[in-house]
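Please open the structure in your viewer and keep a selection tool at hand. The stops below say what to pick and what to look for there.

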Amino acid sequence: MTYTSFVFFIVYFGITYILYTLIPQKAKWCVLLAGSWVFYAVASNGNVIPLIISTVVVWAAGLIIQKLNDDFKQKRKLIEKSERKKLKAKYKSYKLAVLTAGVLAVLGILLLMKYFNFLGGTVNKLFDASIPKLDFVQPLGISFYTLQAISYITDIYRGKYEACRNPLRISLYLSFMLTIVEGPVARYDQLGTQLNKCSNFSFKNFSFGAQLIVWGLFKKVVIADRVSELVNNVFKNNEDYGGIVVIAAILAYTLQLYCEFSGVMDVINGLGEMMGIEMPQNFNHPFFAKTINEFWQRWHITLGGWLRDYIFYPISLSKPFMKLTKGARKRFNPYYANLIPTSVALFFVWFANGMWHGAGWKYIVYGLYYYVLMMLGLFLEPISDKVCKVLKINRKSKPYYLFQIIRTFVIVNGGMLIFRADGLQKAISMLVSIFTNFSFKVLLPGAKNGLGLDIKDYIIVAIGIVIIFVVGILHEKQISIRQRISEMKFPIKFIVYMAAIFVVIIFGAYGDNYGVQDLIYANF
């Protein structure tokens, strides 16, 4: 089940959207809930119990914390000011206990269903234990809805908003058909409140959403699905290739992952916009980033924001880390005094980033790969600054800016090799093989190289890359292409729409020569 399939567009979203548009506003959320339940039940082959349990836990924990908040507000009015501090501490401990229980419950389901066999296998190898392997089927979207569940009860604990009393509305927030499979990881105040209100039909929303859908399909169906043939062949038979072919496969996978993930996000955002629902942004042209840190502020933005707000800040603002910061300030200069405790907190962020992506050591190494390189960059920043001054390198010049982009792009592709390879050993093997059999002829179409692409595929991919690059530059300059198209006269606008649709239909990678491509991030 993919968001770009004919079945999803016509059967699941299509029927849901028609009913959503026709019925009264007060009942629209019921249509979304029913559509989401049916979609999830079918797409997950009936594996719905973990989601139901998480929903009930989150709903109950939220209500209990909200009741404690309300009780505290009432009681603090009836006591002396001197006693309010003790009362606040008492109720905070109660709320923290409920929050901890709720988080451990939903997180425990995730750890059991997704990580038990990995953790058990690791313990067996390290300590010669005999933890049995359990035959679990990982629930669809569990990594996404678990993060949303944790953010919901945590935000109620923090007093960001009040708990929702209707469990069905909580269920809609966690199981919403447009976010359950690949995200984005939306907070309750970003998505849940919109699902509660629901908007009436708007032609502007419909047309703008349709634009975004076609653009997303172009990236996913025309580019990502096409290069997947080369990626799959090389990574599956990596021992048969070396040199430029391995480099091409790594670059192709980076292109595939970006075009697929961001393309699907565009489709999801477009479908949401047609309903009057604004999704949080998940991509912002990451390959224009100058540093690794900036790259992750542009790539999978909602995951990065979640890790920042619910792991980095709680750790860095905790009492032990506040003491660590004070101690560092006494021993080091201001730059390193702030960087040392930050680097410790960031370790947990990047470890969690790797673990979130999958149950395996390669994913942990993938997260720590970025952590190590980011820390090296931050710790060497003062030295780098001095070197640039001595060599009279203008760090604000366009050549240096271009150097930063290329450097970051190379680092990202190194991470993509770890991410895609079938294990760490194969990733190392492929990295070494880059320096062997370095021949460009192997890539030539028609050379019977087994890569699966012909000259037509190369041309389409090349043109697609140019289009994405140009669109990215225009967006970086704050030029809204969608707004420009909407302002065109109807005949021209109609031609543009039809041309875009036919490009996807004619040049899409589907049919006898192409296999059906599952959504990559749906596996996480």
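## A tour in six stops

Begin by selecting Thr146, which sits in helix H5, residues 142-157. What you have on screen is a predicted model, so a word on confidence comes before the details: the chain has a mean pLDDT of 91, and 97% of its residues reach 70 or more. If you colour by pLDDT, look for helix H6 (residues 167-175), whose mean of 97 is the highest among the elements of the chain, and for helix H12 (residues 319-331), whose mean of 85 is the lowest.

**Around Thr146.** Is this residue buried or exposed? Thr146 has a relative accessibility of 1%, and because the cut-off for buried is under 20%, Thr146 counts as buried. Show its side chain, and you will find one of its polar atoms 2.6 Å from the backbone oxygen of Ile142. Apart from neighbours within four places in sequence, the residues in contact with Thr146 are Val106, Leu107 and Leu110.

**An aromatic pair.** Next, select Phe118 and Trp361, one of the 48 aromatic pairs that the structure holds. Their ring centres are 5.7 Å apart and their planes lie at 70 degrees, so the pair is edge-to-face. Since Phe118 belongs to helix H4 (residues 81-127) and Trp361 to helix H14 (residues 361-379), the pair ties together parts that are 243 residues apart in sequence. The two partners can also be viewed by accessibility: Phe118 is buried, with a relative accessible area of 14%, while Trp361, at 47%, counts as partly exposed.

**Charges over rings.** Now display Lys114 together with Trp356, where the lysine lies over the face of the ring, at 5.8 Å from its centre. Then turn to Arg169 and Trp29, where the arginine lies over the ring face at 4.1 Å from the ring centre.

**Helix H6.** Arg169 leads on to helix H6, since Arg169 is listed among the buried residues of that helix. How many of the residues of H6 are buried? Seven of its nine are, so that H6 is mostly covered; the buried ones are Arg169, Ile170, Ser171, Leu172, Tyr173, Leu174 and Ser175. To see what covers them, add helix H2 (28-43), helix H3 (49-76), H5 and helix H7 (188-197), which are included in that cover. At the start of H6, select Asn166, from which a side-chain oxygen reaches to within 2.9 Å of the backbone nitrogen of Leu168.

**The nonpolar core.** Select Tyr152 and Phe176 next: of the 141 residues in the largest nonpolar core, these two touch the most other members. The largest share of this core, 19 residues, is contributed by helix H9 (residues 244-274). Centre the view on Phe176 and, leaving aside neighbours within four places in sequence, you will find it in contact with Leu32, Ser36, Leu191, Leu195, Ile277 and Met279.

**A loop to finish.** Finally, go to Ile23, which is found in the loop between helix H1 (6-22) and H2. At 23% relative accessibility, Ile23 counts as partly exposed. Beyond its neighbours within four places in sequence, the residues in contact with Ile23 are Lys28 and Val31. As a last step, draw a distance from Ile23 to Pro286: the two are 263 residues apart in sequence, and their C-alpha atoms are 40 Å apart in space.

Conventions:
Residues numbered from 1 in each chain as written. Predicted model: local features only at pLDDT ≥ 70, side-chain atom pairs only at ≥ 80, totals over all residues. Heavy atoms only, no water. Helix = DSSP H or I, 4+ residues; strand = E, 2+ residues; numbered from the N terminus. Buried < 20%, exposed > 50% of the residue type's maximum accessible area, 1.4 Å probe, protein only. Polar contact = N/O pair within 3.5 Å; in protein donor to acceptor, adjacent residues only side chain to side chain. Contact = heavy atoms within 4.5 Å. pLDDT = per-residue confidence, 0-100. Phe/Tyr/Trp six-rings, centres within 6.5 Å; stacked < 30°, edge-to-face > 60°. Lys NZ or Arg CZ within 6 Å of the ring centre and 35° of its normal. Core = buried A, V, L, I, M, F, W, Y, C linked by side-chain atoms within 4.5 Å.
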